[in-house]
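Here are my notes on the structure, set out as numbered points for checking at the bench. Please read them with the model open.

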Amino acid sequence: MGTSSIYGGHKDTSPLLPDDYDNNGDENSNPDAPAEDIDTPSPPPSQNEPIPSSEKPWQAVKTAMSRSITGRSSNVREVMRKYGRAGGSSKGLLRSSRAGIATGNRLAHFLTNGVAGASTLSQQIRDIFQTEGDLRIALSRLADVLSPSPDDKESAVARDAVVNALCELYEYVDANKLDISSIENFSTSLQDQILSAYISEYIWGKMLNDLQICFEKNATNPQQVADMEKEYREYIRSVVDVEVRKTSNSETSRNTLNLKGLFRNCYEVLIK
């Protein structure tokens, strides 16, 4: 869940600024600013208590998430809608997902081409699987190539997501005794599964990163958090699975995959 007690996620900007204001286009604008009143948290409102219409969007989504964590409300869609509004709709969320999209493009390249290709990325991947016989170590090295050491919180979210997706890939390849160096010949459904795992984990990780303080202020026990995480993860994954399948069925070649468009579609469905 994160151990820092000083990072409070995003805070609301001046009401004079539009909802999709992006600080001159900088998607990594100071995410480390401390949250207000962290040391004196107020109890979450009851389920029936309305959220004032004048409440700022980031405060609104944190309040909704607090209700979800404490069991006062389990309306995942309500939280997702408020998260979308706070993030500046799908356009704003997409703009702040550049690190995730870049890493996803590299993952999609690997799923499509395996060790083939003449690009620098293809050569790096080929070197890994030609020199490393241990699958787990090879995939660990692959994660370093697909998502180099992060230098900000958004890149760290992308790194965690690609590691989780590769773990899912490892479990499948190991169980079925497959040669991962021929991944480009694997079924499209498996490629879709791993890409969906990555996008789902990225979106959840980004949301968790943005709203982290809610867990630290409101969670009473680890099992409560685990149950809540499972509910959100399953909901996000169900939406992403559908959107990935739609894209897979419509694309004539995985090489033409529009990952930015896929991210946009996922955000639009999740926050509508």
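1. Tyrosine 198, leaving aside its neighbours within four places in sequence, is in contact (heavy atoms within 4.5 Å) with Ala99, Gly100, Thr103, Gly104, Leu107, Ala158, Ala161, Val162, Ala165 and Phe263. This is a predicted model, in which local features need pLDDT of at least 70 and side-chain atom pairs count only at pLDDT 80 or more, while totals for chains, interfaces and linings use all residues. Residues are numbered from 1 along each chain as its sequence is written, and side-chain values use heavy atoms, with hydrogens and water left out.

2. Tyr198 also appears with Phe110 and Ile199 as the residues that touch the most other members of the largest nonpolar core, which has 66 residues. Such a core is a set of buried (under 20% relative accessible area, 1.4 Å probe, protein chains only) Ala, Val, Leu, Ile, Met, Phe, Trp, Tyr and Cys residues joined through side-chain atoms within 4.5 Å. Helix H8 gives the most to this core, with eleven residues; helices are DSSP runs (H or I, at least four residues) numbered from the N terminus.

3. Helix H8 (residues 188-210) packs with helix H2 (residues 76-86) at an angle of about 75 degrees, their axes being 12 Å apart, where axes are lines fitted to C-alpha atoms over the stretch in contact and angles run from 0 to 180 degrees between N-to-C directions. H2 is therefore roughly perpendicular to H8, a term that covers 65 to 115 degrees. In this contact, Val79, Met80 and Tyr83 of H2 meet Lys206, Met207 and Asp210 of H8.

4. Cysteine 266 is buried, with a relative accessible area of 0%, whereas cysteine 167, at 40%, counts as partly exposed, the class between 20% and 50%.

Notes: Helix = DSSP H or I, 4+ residues; strand = E, 2+ residues; numbered from the N terminus. Parallel < 35°, antiparallel > 145°, perpendicular 65-115°, else oblique.
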